[in-house]
Amino acid sequence: MKKLISIILISSLFIYFIYMITDHSKLNILSIGDLYSDGYNHGYYPSYNDYFKDYLKQYDNYDILALNSTLELLDFIKDNNELNNRRIKKIINDSNLIIINTGISELNKLDNVINSTYVNNYLNNYEQLINSVYKLNSNIIVVNIPSDVRISSKYRLIINDYYDGLVTKYKLKLIDVRDEPTKNINIIIYQALIGQKLTS
């Protein structure tokens with residue numbers, strides 16, 4: 001009987017030790033982007049969000065905020081609107097990783113007149129978006145603009161250089177897709193995301 005009690009006690013201690021060294025935390029991911037980055041939900045081919053959600057464990061939490069423009073995203077956060085029954089600022093604050101990938105669908109709109117005024121307004125809204133998220137959480141990865149967005153190479157260079165400056169200013173991480181066509185970037189972003197040192 002004493003031998004059985006000793007075995008049970010040792011087994012219980014062993015199980016408890018394994019439980020204590022295992023990471024049971026829930027990983028919270030927030031992806032902020034335009035309709036392109038939302039993938040299947042808006043009729044595009046699978047996005048990095050679709051791939052990354054499949055990669056994560058079932059108990060992890062993955063929120064996607066996808067709207068038409070950077071200004072709409074900025075206003076959504078400033079107004080602290082609800083996403084998946086929670087306030088967006090709370091989601092930002094609780095996130096282990098925030099991915100910001102906006103601009104593709106906005107800059108690709110055929111009815112937009114892309115000139116220096118438009119680009120300046122876009123970059124102003126983009127920096128305000130970065131700043132509003134950064135004030136709540138600095139764990140941000142920025143994705144820049146791919147090579148075939150329908151704007152002139154001059155404006156694409158200006159936008160990506162501006163992104164580089166923001167990454168340096170706020171000490172963010174960058175997934176660089178500036179030399180890739182849009183059709184290639186989802187797998188590149190996904191591979192970069194799974195290379196992050198995240199625990200779940």
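D63 is a good place to begin, because with a relative accessible area of 3% this residue counts as buried. Keep in mind, as you look at D63 on the screen, that you are viewing a predicted model. What does the side chain of D63 meet in a salt bridge? The partner is R86, and the N to O distance between the two side chains is 2.5 Å. This pair ties together distant parts of the chain, since D63 sits in strand β2 (residues 61-67) and R86 in strand β4 (residues 86-87), 23 residues apart. R86 has a relative accessible area of 27%, so R86 is partly exposed. One end of this bridge is therefore buried, while the other is partly exposed.

Let us step back for a moment and take in the whole protein. You can count 8 helices and 7 strands. Of its 200 residues, 45% count as buried. If you take the contacts between residues at least 6 apart in sequence, 72% of them join residues at least 24 apart.

Now back to the charged side chains. The structure holds 5 salt bridges in total, and you have already met the one between D63 and R86. Another joins K90 and D94, whose closest N and O atoms are 3.1 Å apart. Both residues belong to helix α4 (residues 88-94), and because they are 4 residues apart there, about one helical turn separates them. K90 is partly exposed, at 48% relative accessibility, and D94 is also partly exposed, with a relative accessible area of 30%.

Next, find K169 and E127, which form a salt bridge with their closest N and O atoms 2.9 Å apart. Here the bridge links distant parts of the chain: K169 lies in helix α7 (residues 153-170) and E127 in helix α6, 42 residues apart. Are K169 and E127 buried or exposed? K169 has a relative accessible area of 52%, which means that K169 counts as exposed. E127, at 17% relative accessibility, counts as buried. Finally, D164, D176 and R178 are linked in a network of salt bridges.

Let us turn to helix α2, where D50 lies. D50 is buried yet has no salt bridge. Why does K53 not form one with D50? K53 is the nearest side chain of opposite charge, but K53 is 4.5 Å away, and a salt bridge needs the nitrogen within 4 Å of the carboxyl oxygen. The side chain of D50 does reach the backbone nitrogen of S47, at 2.8 Å. S47 has a contact of its own at the start of α2, where one of its side-chain oxygens comes to within 3.1 Å of the backbone nitrogen of N49.

Which residues of α2 are buried? They are Y48, N49, D50 and F52. Look around them and you will find what covers them, including β1 (28-34), β2, β5 (97-101) and α8. You may recognise β2 as the strand that holds D63.

Helix α2 also leads us to the aromatic rings. A search of the whole structure finds 7 aromatic pairs. In one of these, the rings of Y55 and Y190 have their centres 6.3 Å apart and their planes at 80°, so the pair is edge-to-face. Y55 is in helix α2 (residues 48-55) and Y190 is in helix α8 (residues 182-194), so this pair, 135 residues apart, links distant parts of the chain. Y55 counts as partly exposed, at 44% relative accessibility, whereas Y190 counts as buried, at 17%. Together with Y51, F52 and Y62, these two residues form one aromatic cluster.

Our last stop is the largest nonpolar core, which has 53 residues. Which of them touch the most other members? They are I88, I100, V133, I159 and L193. Helix α6 (residues 116-134) gives the most to this core, with 8 residues. You have seen helix α6 before, as the home of E127. To explore the core yourself, try centring your view on I88. Leaving aside residues up to four places away in sequence, I88 touches L30, L65, F76, I77, N80, N81 and L83.

Terms used:
Residues are numbered from 1 along each chain as its sequence is written. This is a predicted model: local features need pLDDT of at least 70, side-chain atom pairs count only at pLDDT 80 or more; totals for chains, interfaces and linings use all residues. Side-chain values use heavy atoms; hydrogens and water are left out. Rings of Phe, Tyr and Trp (its six-membered ring) pair if their centres lie within 6.5 Å; planes under 30 degrees apart count as stacked, over 60 as edge-to-face and the rest as tilted. Helices (H or I, at least four residues) and strands (E, at least two) are DSSP runs, numbered from the N terminus. Buried means under 20% relative accessible area, exposed over 50%, partly exposed in between (1.4 Å probe, protein chains only). A nonpolar core is a set of buried Ala, Val, Leu, Ile, Met, Phe, Trp, Tyr and Cys residues joined through side-chain atoms within 4.5 Å. Contact means heavy atoms within 4.5 Å. Lys and Arg count as positive and Asp and Glu as negative; His and the chain ends are not counted. A polar contact is a pair of N or O atoms within 3.5 Å; within protein, one must be able to donate a hydrogen and the other to accept it, and residues adjacent in sequence count only if both atoms are side-chain atoms.
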